[in-house]
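User: Got a minute to walk me through this one? I'd like to start with the packing.

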Amino acid sequence: MNFMNVDYSTKIPNNVNLSEDRQVLKALEGWHPGYMDWWGDMGPEGFQQSLVYLRTAYSVDPRGWAKFDYVKMPEYRWGILLAPQEENRVIPFGENYGKPAWQEVPGEHRATLRRLIVIQGDTEPASVEQQRHLGKTAPSLYDLRNLFQVNVEEGRHLWAMVYLLQKYFGRDGREEADDLLRRRSGDADSPRMLGAFNEATPDWLSFFMFTYFTDRDGKMQLHSLAQSGFDPLSRTCRFMLTEEAHHMFVGETGISRVVQRTCEAMREAGITDPTDIAKVRALGVIDLPTIQKKLHLHYSLSLDLFGSEVSTNAANAFNAGIKGRYRETQIDDDHQLKNSTYPVLKLVDGVIKRVDEPALTALNMRLRDDYTQDCVKGMLRWNKVISTSGYQYKLTLPNVAFHRQIGEFRDVHATPEGVLIDDATWNARKNEWLPSTDDGDFIASLMKPVTEAGAYANWISPPKVGIDNKPGDFEYVKIET
Ligand code: BYC
């Protein structure tokens, strides 16, 4: 069997030779009906009988791995796809640096590995649950198709983690796999594991922010896990990253199109002050200050996903060779962090200060810094759209102390500029910085579905190019209710 190509002859498409791994195939087939029930209950609301122009992976060759066709979502072939095994791969960091990568789970690291795989797995269905209502208000068939593409691939990423649990973790892996279908985003009794995955995604601007900022945390975490000494995890994450790129593209271009439409509408109407919210909203587009507030919210929620700045969990996972740094193999150091330090922003006597910490315990902070740098790139492009339209307004990332629930700054309040403030000031001013109920209501009032091929809601520009180079009036979803 060519491991680059996917075997579609089994019920569960795969490139891991499942047809000869009867026990795991049986376990996965046993899990399949529960997954389909979950998809029916918690996957996209409606549109299950519609034909959606989706890509499906047929190979893991980065030069050409997907084919596009009309598919009904419940018939999407969710499969197990691992990047090809690198010959003689060694563990690229930690105490086991340079030793052969593990093809099986080392007993002493079993619990840590399982925990990380479960957390990663938990976020995937959570995002589908968060986005399930959005189909009803899609601004175009193009956007509707992108939403569903993201959703089916997050479903596939759940399969990816479930495969690892069922193949390598025996009975407790199977129990964890069942629990991944039991928890629900935002549920009071059985919530998803990480904070941001229990928040609502009430409208399409939130969806674009989520795919830009929160999927980008996914990118960073997957990169770190792709370095893992546990080779099957590394290979799984490497292929997931190929799919993930499109999700962040949806976010980046989505926000860019919203910003562009707002600027165009302001220009046409002769508005010179982009902060004249009432005037801008009267045009039926989202004003830039409200976009900034959504950005504040989603960026700060996503920062929380990196855990505490100083973390022994992170140090232990690194030492053990389980979770590395972003682009570990390209870093020029000892890959063991024996004597190095890393500057961490901390709250010292009520002041935000940079303090050198042992680099080993500061790994979450380092990854978060890499993440912030990555976030800035898209923001520069959005600001270019604004300045090219002749406006002075600049979107900015808030200070890391702003609106935090995890880590150093969870017990204080700060402005987006990083000025510490007391509770009363926070309560009086938070609606200036985070979306208020009124802002939410205004955005909700714009969320009217547009289902004619080639047409777009007034608050968003058309994309520059179609998916799979399709023409502007292509019918990406053939709606059937
Ligand atoms: N919410 O030492 P600490 C994605 C817990 S997104 C709730 O500070 P650590 C995707 C933590 O579990 C990527 N609890 O942090 C995106 C620990 O609890 P226990 C998902 C939190 O462990 C969009 C305690 O606090 N993948 O793929 O170094 C769509 C102390 O932890 C939170 C991963 O996250 C929180 N935000 O790092 C679809 C990778 N933060 O164990 C998909 C796997 C921390 O004491 N996960 N806690 O009970 C990890 O690497 C780490 O678990 C974390 C936390 C980075 C999340």
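Analyst: Sure, here's a short tour of a helix, the cores and some backbone angles, keeping in mind that the model is predicted.

User: Which residues of helix 12 are buried?

Analyst: In helix 12, residues 437-446, the buried ones are D439, F442, I443 and L446. Down the helix axis they fall within an arc of 95°, so they line one face.

User: Makes sense. What's on the face turned away from that buried side?

Analyst: That face of helix 12 carries T437 and D438, which are exposed.

User: And what covers the buried residues of helix 12?

Analyst: The cover includes helix 5 (204-226), helix 7 (277-281) and helix 8 (288-303).

User: Switching to the largest nonpolar core: which residues touch the most other members?

Analyst: Y163, F213 and W459, out of 130 residues in that core. Helix 3 (residues 141-168) gives the most to this core, with 16 residues.

User: What is F213 in contact with, leaving aside neighbours within four places in sequence?

Analyst: F213 is in contact with L295, H298, Y299, S302, Y371, C375, W382 and L397. Apart from the largest core lies another one of twelve residues, including A126, A196, L305 and I421.

User: New topic: where is F47, and what's its phi?

Analyst: F47 sits in the loop between helix 1 (22-42) and strand 1 (51-57). Its phi is positive, about 65°, though F47 is not a glycine.

User: Is F47 buried or exposed?

Analyst: F47 counts as buried because its relative accessibility is 14%, and the cut-off for buried is under 20%.

User: What about D349, buried or exposed?

Analyst: D349 counts as exposed, at 77% relative accessibility. D349 lies in the loop between strand 3 (341-348) and strand 4 (351-358), and has a positive phi of about 50° without being a glycine.

Definitions and conventions
Residues are numbered from 1 along each chain as its sequence is written. This is a predicted model: local features need pLDDT of at least 70, side-chain atom pairs count only at pLDDT 80 or more; totals for chains, interfaces and linings use all residues. Side-chain values use heavy atoms; hydrogens and water are left out. Buried means under 20% relative accessible area, exposed over 50%, partly exposed in between (1.4 Å probe, protein chains only). Helices (H or I, at least four residues) and strands (E, at least two) are DSSP runs, numbered from the N terminus. The arc is that of the directions from the helix axis to the C-beta atoms. Contact means heavy atoms within 4.5 Å. A nonpolar core is a set of buried Ala, Val, Leu, Ile, Met, Phe, Trp, Tyr and Cys residues joined through side-chain atoms within 4.5 Å.
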